[in-house]
Amino acid sequence: MATDANHERPAGSPAAGVVHRLHERRETLATVESLTGGLLSAAIVEIAGVSGIYRGGLVTYATELKSQLAGVPEDLLAERGPVDPDVAVALAEGGRRRCGADWGLATTGVAGPEPQDGKPVGLVYVAAAGPTGAVVRRLDLDGGRDHIRSAAVIEALRLLTEQIQDAGDAVGPAAEDDDAPTPAGRR
C-alpha cells in the first residue's frame, strides 16, 4: 500500500471510506486528474459497489485539456499555469459539472523529475467540490515521482472525506425511501 504525505501507511482504505460514505448518502463522485494520471480513479474503482456512486473521471494531463474538457477558464490557465489552487478548484467543479456528480475531486501538481513553469517538484494541490462549496489543500511533498503521485491520491481522498463529514450526516432524499431510484447526482 502507498504512503501518505508523512510517509505513513493509512489505516484502512481511504477510497473505501469515500465510496461507502457516498453510497450511504446516495451521492455521486467524479474525478479530474492531472499529475496522478488515473491513479485516483483507479483507487476508487477498485472498491466493490463503486458503480453506484462513481460517475466517471477525466485525465487532463495536457494544460489545454484542463480548459477543453474540464472547463477551467483559459485566462486562469494563461495567467497562473496549471499548478495553482484556483485551477485545482476549477478542475473539481468542472468534473462535478461535466459528469453530473454531487462531488468533484481533483489533483494537479508537479511530480517531477524536473520543476514545471517555475513550480517545484512536490508542489501539489488537491481540491474537492460539493453541495456545500469547494475547498483546496496545498501539499508540499517530498520523495520520488511515485511517492508524490500516490501520496496525492491519499491526501485527495482524505480531503473529500473531511468535506463529506463537514456536509453533515444528512443523506439524499432517495435514502429515505428504499424503493426510490438513486438520484443522478446532478446539481
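Which residues does Thr108 touch, not counting residues up to four places away in sequence? Keep that puzzle in mind as you work through these exercises on a predicted model.

**Exercise 1. Place Thr108 and list what surrounds it.**

*Solution.* Begin with the location: Thr108 sits in strand 3. Next, look at its cover. Its relative accessible area is 0%, and buried means under 20%, so Thr108 is buried. Now collect the neighbours, leaving out residues up to four places away in sequence: Thr108 touches Ser34, Leu35, Lys66, Pro82, Val83, Asp84, Ala88, Leu91, Leu123, Val124 and Tyr125. Finally, check Pro82 once more. Its backbone oxygen lies 2.8 Å from a polar atom of the Thr108 side chain.

**Exercise 2. Describe the overall layout of the protein chain.**

*Solution.* Count the elements to start with: the chain has six helices and five strands. Then read along the sequence, where the pattern is α-β-α-β-α-α-α-β-β-β-α. For burial, take the 187 residues of the chain; buried residues make up 51% of them. Turn to contacts between residues at least 6 apart in sequence: 67% of these join residues at least 24 apart. Last comes the surface. The chain exposes about 8,600 Å², with carbon and sulfur atoms supplying 48% of it.

**Exercise 3. Find the largest nonpolar core and say which elements build it.**

*Solution.* The largest nonpolar core has 31 residues. To find its centre of contacts, look for Leu29, Ile44, Leu105, Val124, Leu157 and Leu160, which have the most contacts inside it. Two or more residues each come from helix 1, helix 2 (39–45), strand 3 (103–109), strand 4 (123–130) and helix 6. Helix 6 gives the largest share, nine residues.

Now zoom in on Val124. Leaving aside neighbours within four places in sequence, Val124 is in contact with Leu35, Thr108, Gly109, Arg137, Arg138, Leu139, Leu141, Ile148 and Ala152. There is also a second, separate core of 19 residues, which includes Ala70, Leu91, Tyr125 and Ala127.

**Exercise 4. Which residue forms a salt bridge with Asp4, and is Asp4 buried or exposed?**

*Solution.* Here is a general idea to begin with: side chains of opposite charge can pair when their charged atoms come close. The partner of Asp4 is Arg158, with the closest N and O atoms 2.7 Å apart. Arg158 belongs to helix 6 (residues 145–166), while Asp4 lies in the segment before helix 1 (14–25), so the pair links distant parts of the chain, 154 residues apart. For burial, compare the two ends. Asp4 has 3% relative accessibility and counts as buried, whereas Arg158, at 28%, is partly exposed.

**Exercise 5. Trace further salt bridges among the eight in the structure.**

*Solution.* Take Glu162 as a starting point: Glu162 pairs with Arg137, the closest N and O atoms being 2.5 Å apart. This pair also links distant parts of the chain, from Glu162 in helix 6 to Arg137 in strand 5 (residues 133–140), 25 residues apart. Glu162 is partly exposed at 31% relative accessibility, and Arg137 is partly exposed at 26%.

Move on to Asp86 and Arg80, whose side chains meet in a salt bridge of 2.2 Å, N to O. Asp86 is partly exposed at 38%, as is Arg80 at 34%. To finish, widen the view: Glu79, Arg80, Asp84 and Asp86 are linked in a network of salt bridges. Asp84 should look familiar, since Thr108 touches it.

Technical notes
Residues are numbered from 1 along each chain as its sequence is written. This is a predicted model: local features need pLDDT of at least 70, side-chain atom pairs count only at pLDDT 80 or more; totals for chains, interfaces and linings use all residues. Side-chain values use heavy atoms; hydrogens and water are left out. A salt bridge is a side-chain nitrogen of Lys or Arg within 4 Å of a carboxyl oxygen of Asp or Glu. Helices (H or I, at least four residues) and strands (E, at least two) are DSSP runs, numbered from the N terminus. Buried means under 20% relative accessible area, exposed over 50%, partly exposed in between (1.4 Å probe, protein chains only). Contact means heavy atoms within 4.5 Å. Accessible areas come from the Shrake-Rupley method with a 1.4 Å probe; for residues, only the protein chains shown count as cover. A nonpolar core is a set of buried Ala, Val, Leu, Ile, Met, Phe, Trp, Tyr and Cys residues joined through side-chain atoms within 4.5 Å. A polar contact is a pair of N or O atoms within 3.5 Å; within protein, one must be able to donate a hydrogen and the other to accept it, and residues adjacent in sequence count only if both atoms are side-chain atoms.
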